[in-house]
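I opened my notebook to a fresh page for this one. Here is what I looked up, entry by entry.

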Amino acid sequence: MSRVSRPNPSIADVARLAGVSAQTVSRVSTGADNVRPATRDRVLAAMDELGYSPNHAARALRSGSFGTIGMIAHRLARTGESRTVEAVVEAARAEGYTVSLVDVSSPSSDEVTEAAARLSHQSIDGLVIIRAETATPTNLALPPRVPVVVSDSRFAGHHPAVGADQVTGTHLAVQHLLDLGHRTVHHLAGPVSSAPAEIRVETWREHLIGSGRAVPEPLRGDWSARSGYQQGQRIAAAARRDRITAVFTANDEMAAGLIRALSEAGLRVPQDVSVVGFDDIPLAEFLWPPLTTVQQDFQLIGHQLMDLLLRQIRHHEQLSDQRIVVPTRLVERGSTAAPRE
């Protein structure tokens with residue numbers, strides 16, 4: 001059929017052109033299964049020809065659902081965020097929801113609040129905030145009566161929260177290097193604006209202090225492999241002078257950059273310097289040497305976020321005190337070994 005321009009076509013117009021009842025058009029619009037494929041194709045073709053778009057707002061009034069989830073993320077180029085977003089989208093699709101995503105340029109309270117307001121105007125059933133970072137529960141204003149979940153444990157008690165066990169993961173990484181015989185562990189940290197980065201820094205520091213080890217000054221990257229490489233050049237230059245034998249990096253991308261910098265400086269991993277990452281991205285096991293790292297289960301985090309949101313949307317559960325901590329585990333590969341005498 002060729003497309004015809006008609007002002008405000010109605011469901012009756014589509015039914016007339018397709019030769020079906022208005023109820024059948026409605027079932028096709030809502031994605032119901034009890035429509036024969038040939039009939040569905042005919043109705044869809046009629047919709048296309050007339051330029052008909054189902055009235056989602058009216059449907060929501062009847063069904064109580066818009067079928068759309070809003071999601072706010074920050075810096076999707078980062079692996080952790082993108083993998084969590086992917087998991088939420090997958091879980092939402094399985095439940096019959098689409099996702100409307102806003103990627104804010106900074107995680108400030110104002111930007112997150114503005115993004116949430118913009119999404120609420122698009123008729124959403126609930127809101128997923130992947131990372132609030134610099135926003136806090138007290139200064140983040142969200143639309144009233146919109147179910148919310150946050151991938152940030154700082155919001156527990158205010159909104160249902162799901163996050164990886166950053167503390168245990170960091171303890172496992174540092175203890176692994178100490179158990180191998182390293183006298184202390186240097187740290188290539190994430191940016192100070194990142195809550196997960198700060199948790200890892202503080203846990204690393206506390207673990208060394210509790211073990212009676214020297215606490216070196218941490219270096220800072222921005223999560224990118226390039227920043228890991230740049231700081232890795234500094235670490236390589238100081239490695240022989242300061243006897244640096246082990247580095248815990250706050251994510252795998254920076255670890256990859258660090259390993260390259262060490263290699264270019266003639267230092268071998270793990271013979272001269274052991275390296276541990278964090279995240280266990282798919283690339284980690286294919287680096288050379290394969291990267292020892294802390295694994296976060298991003299897929300489980302995404303599915304748990306969606307589960308908490310649906311419990312609020314469908315069953316109207318009050319879950320503000322709900323906090324789910326997803327376990328982390330150490331994956332040992334070839335980038336760590338005992339230090340050379």
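**Overview**

I began with the secondary structure, and the protein chain comes to eleven helices and twelve strands. I note here that this is a predicted model. The protein chain has 341 residues, and 51% of them count as buried. Next I looked up the contacts with a separation of 6 or more, and residues 24 or more positions apart account for 72% of them. For the surface, I wrote down about 16300 Å² exposed by the protein chain, with carbon and sulfur atoms supplying 49% of it.

**Strand 5 and its partner**

I went to strand 5, residues 161-164, and asked which of its residues are buried on each side. Ala161 and Gly163 are buried on one side, and Val162 and Ala164 are buried on the other, so both faces of the strand are covered. In general, side chains in a regular strand alternate between the two faces of the sheet. I then looked for a pairing strand and found strand 11, residues 323-326. The two strands run parallel, and four bridges join them. One bridge I noted by name is the one between Gly163 and Val325 of strand 11.

**Aromatic rings**

How many aromatic pairs does the count give? I found one aromatic pair. The rings are those of Phe248 and Phe278, with centres 6.3 Å apart and planes at 55°, so the pair is tilted. To place that angle, I kept in mind that stacked means under 30 degrees and edge-to-face means over 60. Phe248 belongs to strand 8 (residues 246-249) and Phe278 to strand 9 (residues 274-279), so the pair ties together parts that are 30 residues apart in sequence. I checked burial too: Phe248 and Phe278 are both buried.

I also looked for charges over rings. The charged end of Arg200 sits over the ring of Phe278, 3.9 Å from the ring centre. I noted another such case at Tyr229, where the charged end of Arg260 sits over the ring, 4.7 Å from its centre.

**Thr170**

Which residues does Thr170 contact, leaving aside its neighbours within four places in sequence? My list reads Arg200, Thr203, Trp204, Phe248 and Phe278. So the two rings of the tilted pair are on the Thr170 list, and so is Arg200, whose charged end sits over Phe278. Thr170 itself lies in helix 7, residues 166-179. Its relative accessibility is 0%, so Thr170 counts as buried.

**Salt bridges**

Side chains of opposite charge can pair when their charged atoms come close. I counted ten salt bridges in the structure, and I wrote up several of them.

- Glu198 and Arg220 meet through their side chains at 2.7 Å, N to O. This pair links distant parts of the chain, with Glu198 in helix 8 (residues 195-210) and Arg220 in strand 7 (residues 219-220), 22 residues apart. Glu198 has a relative accessible area of 24%, so I logged Glu198 as partly exposed. Arg220, at 29%, is partly exposed as well.
- Asp242 forms a salt bridge with Arg241, and the closest N and O atoms are 3.5 Å apart. Asp242 is partly exposed at 41%, whereas Arg241 counts as exposed at 63%.
- Arg333 and Asp280 meet in a salt bridge at 3.1 Å, N to O. Arg333 is in the segment after strand 12 (329-331) and Asp280 is in the loop between strand 9 and strand 10 (292-295), so I noted a link between distant parts of the chain, 53 residues apart. Is Asp280 buried or exposed? At 12% relative accessibility, Asp280 counts as buried, while Arg333 at 22% counts as partly exposed.
- Arg268, Asp272 and Arg340 went down together, as they are linked in a network of salt bridges.

**Arg329**

My last stop was Arg329, which is found in strand 12. With a relative accessible area of 45%, Arg329 is partly exposed. Which residues does Arg329 touch, not counting those up to four places away in sequence? I noted Leu172, Thr293, Val294 and Gln295. I also looked up the spacing to Thr168: Arg329 and Thr168 are 161 residues apart along the chain, and their C-alpha atoms are separated by 8.1 Å.

Definitions and conventions:
Residues are numbered from 1 along each chain as its sequence is written. This is a predicted model: local features need pLDDT of at least 70, side-chain atom pairs count only at pLDDT 80 or more; totals for chains, interfaces and linings use all residues. Side-chain values use heavy atoms; hydrogens and water are left out. Rings of Phe, Tyr and Trp (its six-membered ring) pair if their centres lie within 6.5 Å; planes under 30 degrees apart count as stacked, over 60 as edge-to-face and the rest as tilted. Buried means under 20% relative accessible area, exposed over 50%, partly exposed in between (1.4 Å probe, protein chains only). A charge sits over a ring if NZ of Lys or CZ of Arg is within 6 Å of the ring centre and within 35 degrees of the ring normal. Two strands pair if DSSP finds at least two bridges between them. Contact means heavy atoms within 4.5 Å. Accessible areas come from the Shrake-Rupley method with a 1.4 Å probe; for residues, only the protein chains shown count as cover. A salt bridge is a side-chain nitrogen of Lys or Arg within 4 Å of a carboxyl oxygen of Asp or Glu.
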